[in-house]
Amino acid sequence: MDSLNCSNSTIELIGKITKGDIVVTMVTSCLSIGGAFAIFLTSGRKVYRGRSLSEPRKFLVYLTIADFFIALGFLYGAVHFLRDNSANYEVKDPGCIAQSFVTTMASLCSFWWTSIISFNFWWTYTCYANDNSIFGSINNSTRKSTWNVKIYVYHILSWIVPAIIIVTALSKGVLGADNSVGSGPWCWISANLSVKEQTIWMAVSGKGWEILMYFSCFGFYILLKFRQMWERSRQRKMQEQFGSTTPLIPRTRCNQQPPEHKLSFIFLWIVEIVLRISGTVRFIMTALRRHACISPPFYEHVDVILMHFQSFGDCAQAFCSFLIFCVFRRLFRYINNRNGNTNLSHEAS
């Protein structure tokens with residue numbers, strides 16, 4: 001069955017955008033831009049005072065850089081949409097293409113950094129907890145070299161890989177006005193493409209990586225919890241065997257602190273999922289409608305509701321990071337202290 005017969009035309013889809021969606025996008029983007037500057041200022045103040053940033057805090061800064069450009073691009077897209085919301089997607093607007101380039105690139109970087117933060121907590125805890133780790137028997141210079149290689153790999157994955165994807169998309173002319181097919185009041189993948197091509201590029205340039213981020217973050221978190229439970233069980237058995245009440249595994253592996261105290265960083269990926277899930281569901285619904293002709297009677301109503309949430313969520317990452325690490329910093333520190341991490345909680349701030 002032809003997928004074109006399964007979906008409404010893009011002309012009808014653009015009519016779902018309301019001025020309320022545009023205003024929400026603009027306001028949320030401004031809040032995220034302000035929140036990003038606040039994170040930059042607090043981090044810069046620490047460096048200015050001679051205090052080094054912890055590794056997770058550096059990752060937060062990198063993530064916030066990406067989220068800042070997401071908000072900046074969506075703000076431009078909303079203003080552009082407010083000025084000209086016509087459905088003439090056949091005209092290639094340079095401003096629309098540039099906005100799509102910036103926001104798509106930044107979104108991919110944001111997905112990668114969120115996944116890397118989750119992976120790094122699992123890696124750090126595994127390295128910290130494993131008393132037979134290779135890091136326990138090598139010298140400091142080799143250890144630092146290993147960590148430097150890890151950081152280089154992180155930067156390649158988070159900046160170079162998204163750049164390759166988005167430059168390829170730009171060279172193939174797939175960026176442009178999408179008439180809000182799976183997005184809000186901004187530009188993304190051009191509606192000039194066939195339905196199949198547009199769906200593929202939506203997956204390659206964003207939604208596929210977004211879904212991968214959901215599963216990878218959840219997977220690393222589960223692995224982290226299993227590792228924690230295994231280590232606690234192992235500690236209890238060793239304490240019973242040797243009659244000791246103190247931890248028998250040294251706290252110096254890999255020059256890292258155990259990640260339990262960084263509750264705010266662990267919470268970060270959960271917020272990302274909550275903010276992004278409405279757009280992901282819209283993409284899946286649109287793909288099913290276009291290519292499998294699955295279109296329940298409530299599709300239009302649900303799609304509009306999800307688009308309202310997406311107009312807020314896709315722009316709000318930097319603002320929510322600001323709330324977690326600046327506004328509610330003391331709350332997370334209090335929770336950490338109650339969990340018995342009083343001596344370590346200051347690093348998480």
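Two exercises with worked solutions follow, on the disulfide and the nonpolar cores of this structure.

The model is predicted, so that local features need pLDDT of at least 70 and side-chain atom pairs count only at pLDDT 80 or more, while totals for chains, interfaces and linings use all residues. Residues are numbered from 1 along each chain as its sequence is written, and side-chain values use heavy atoms, with hydrogens and water left out.

**Exercise 1.** Determine which cysteines the disulfide joins, and where C96 and C187 lie in the chain.

*Solution.* Taking a disulfide as a pair of cysteine sulfur atoms within 2.5 Å, a search of the whole structure finds one. It joins C96 to C187, with an S to S distance of 1.8 Å, and the link is left-handed, with -125° about the S-S bond. C96 belongs to helix 4, whereas C187 sits in the loop between strand 1 (175-176) and strand 2 (188-189), 91 residues apart; helices (H or I, at least four residues) and strands (E, at least two) are DSSP runs, numbered from the N terminus.

**Exercise 2.** Identify which residues touch the most other members of the largest nonpolar core, and which helices each supply at least two of its residues.

*Solution.* A nonpolar core is a set of buried Ala, Val, Leu, Ile, Met, Phe, Trp, Tyr and Cys residues joined through side-chain atoms within 4.5 Å, where buried means under 20% relative accessible area (1.4 Å probe, protein chains only). Of the 18 residues in the largest core, L60, W113, I117, L268, I324 and F325 touch the most other members. Helix 3 (55-83), helix 4 (94-129), helix 7 (263-291) and helix 9 (317-327) each supply at least two residues of this core.

Methods
Buried < 20%, exposed > 50% of the residue type's maximum accessible area, 1.4 Å probe, protein only.
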